[in-house]
Structure formats: structure tokens, C-alpha cells
Amino acid sequence: MDVLDEIQSFLGCPTPDAWLQAATQDLHTLLIDHAHCEQKAAATAMSLMYRYPNHHELLIRMSRLAREELIHFEQVLTLMRKRGMEYQHLSASRYASGLRDQVSKQEPQRLIDVLIVGAFVEARSCERFAKLAPLLDEELQKFYLSLLKSEGRHYQDYLKLAERYAQADISQRVAEFRLLEQQLIEAEDDQLRFHSGTPRSVAA
Ligand SMILES: [Fe+2]
Ligand SMILES: [Fe+2]
């Protein structure tokens, strides 16, 4: 799948093996947080639609994206219920807030930054689904492989929108967020989340 190759070179680092190990050992937490992520992804897309009503291309792509994320959300919930896992509140990981902190407060840069952050979040999700899939049972494996396609497309949507509305070269800004994202993924983390860093207990 070539979008996966593109994503792997877009990201500054691969997911650490220690994270994969921790994630497969605590599927309940992983799935709760995965459901949260889908919900948040839909909310982010909706908030962009409210904020930029005169950006036609953004409205169309974000509307479609929000619908897809909500379908993923329902799919995770169904899967959890089937396994007797309860959905519950979970504190957010430092990943999203770490990325958000670097988003400009001023337009027009704010929009470009939010779109670049969206591309990284989607790209990392896609990379993790691909890495997790072979380590999971058949049902989850099938589900995660099915998500690869849409998350790969979401990554491309965000990046294309960032390029379109920036009307200038964004590679420098992308590189800054790449480095930040890499730091958030490689640094030690106390809690397991879908986008958490290297688990502290097994960190080298
Ligand atoms: Fe999704
Ligand atoms: Fe997505």
C-alpha cells in the first residue's frame, strides 16, 4: 500500500516496539482510547467547519471525514461490547495537547497549523493500525486493516488542505511539527494511550 510508505516517510520516527508490546497487553485501555480518538477526530473536523464556513473544500472534506470518524467510533464501541469491555472516561494523552500547544494563535497561520497537526495525528494512527494489526486476534486485525485505508486518506486530506490554504510552501512548518511529534512519540510516558510515547516501565 503506497500511502503507508508515504506515511512512514512523512513521520519522523516509527512507533517504538515497547509501545506495541504495552498496547497488546492492555487492549481494554487501547480500545477505550481508540474510541475516544475517533470521537475527537469527528469533533475536530466539525469545529473546523464551524470556524471556516467560507472554505468550501474544507467543508466538504471535513464533513465526509467527520462522518467516517463517527462510523469508526460506533465500530469500536460495538467491538468492545461484544468483548464485554465497558466504555468509560479516560484522561487524554499528552500527545494532542503537546501538538496543539504549538499551533499559532493567529490567523491565517492557525488554520494551516491545525491542518498540519491533523495530518500528523492521522498519519500516526494509520502507522499504528498497520503495526498493531499482525499482533492482534483475527477480528481486531481485520478491523484495524480496514481502518488503514480511511486514515491514510484522512492524512492526505489534511495535508492537501494545508497546502491549498497556505498558498505558500509549508515544508518548513511541517518539519517543525514532525520534530515535535517525534519527541512526543519517543519520550517516556506514564500512561498507555493510542498516541502515547514509550512506556516508562519498559523504556531503555
Ligand atoms: Fe478514524
Ligand atoms: Fe481519521
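E151 is a buried residue without a salt bridge, and its nearest oppositely charged side chain, R153, sits 8.3 Å away. So what does E151 bind instead? It is a donor to the iron ion (ligand 2) and also to the iron ion (ligand 1). Keep in mind that this is a predicted model. Here's a quick tour, starting at E151 and moving out to the salt bridges.

**Around E151**

- You'll find E151 in helix α7, which covers residues 138-166.
- Its relative accessible area is 2%, so E151 counts as buried, the cut-off being under 20%.
- Setting aside neighbours within four places in sequence, E151 touches E38, E69, H72, E122, C126 and F129.
- With one of these, H72, there is a side-chain to side-chain polar contact at 3.1 Å.

**The iron ion (ligand 1)**

- Which residues hold this ion? The protein donors are E38 (OE), E69 (OE), H72 (ND1) and E151 (OE), at 2.0 to 2.3 Å.
- Along the sequence, those donor residues follow the spacing E-x30-E-x2-H-x78-E.
- The geometry of the site is irregular, with angles of 89 to 136° among the 4 donor atoms. Why irregular? Four donors count as tetrahedral only if all angles lie between 85 and 135 degrees, and the range here runs up to 136°.
- H72 belongs to helix α4 (residues 56-82) and E151 to helix α7, so this pair ties together parts 79 residues apart in sequence.
- H72 is also buried, because its relative accessibility is 6%.

**The iron ion (ligand 2)**

- Here the protein donors are E69 (OE), E122 (OE), E122 (OE), E151 (OE) and H154 (ND1), and they lie 1.8 to 2.6 Å from the ion. Yes, E122 is listed twice.
- The donor residues are spaced E-x52-E-x28-E-x2-H in sequence.
- E151 and H154 are 3 residues apart in helix α7, which means about one helical turn separates them.
- Are E151 and H154 buried or exposed? Both are buried.
- How far apart are the two iron ions? They lie 3.5 Å from each other, and E69 bridges them.

**Salt bridges elsewhere**

- Searching the whole structure turns up 17 salt bridges.
- One of them joins R64 and D157, with the closest N and O atoms 3.8 Å apart. That pair links distant parts of the chain, as R64 is in helix α4 and D157 is in helix α7, 93 residues apart.
- R64 is partly exposed at 33% relative accessible area, while D157 is buried at 2%.
- R64 and D157 also belong to a salt-bridge network, together with E57, R61 and R164.
- Another salt bridge pairs R94 with D189, the closest N and O atoms being 3.4 Å apart. This one also connects distant parts: R94 is in helix α5 (residues 94-100) and D189 is in strand β1 (residues 188-189), 95 residues apart.
- In that pair, R94 is partly exposed at 26% relative accessibility, and D189 is buried at 8%.
- E127 and K131 also meet in a salt bridge, at 2.9 Å from N to O. These two are 4 residues apart in helix α6 (residues 109-132), so about one helical turn lies between them.
- E127 is buried, with 2% relative accessibility, whereas K131 is partly exposed, with a relative accessible area of 26%.

Methods: Residues numbered from 1 in each chain as written. Chains lettered and ligands numbered in written order. Predicted model: local features only at pLDDT ≥ 70, side-chain atom pairs only at ≥ 80, totals over all residues. Heavy atoms only, no water. Buried < 20%, exposed > 50% of the residue type's maximum accessible area, 1.4 Å probe, protein only. Lys, Arg positive; Asp, Glu negative; His and termini not counted. Salt bridge = Lys/Arg side-chain N within 4 Å of Asp/Glu carboxyl O. Polar contact = N/O pair within 3.5 Å; in protein donor to acceptor, adjacent residues only side chain to side chain. Contact = heavy atoms within 4.5 Å. Donors = N, O, S within 2.8 Å, 3.2 Å for Na, K, Ca; no water. Tetrahedral: all angles 85-135°; square planar, octahedral: opposite > 155°, others 65-115°.
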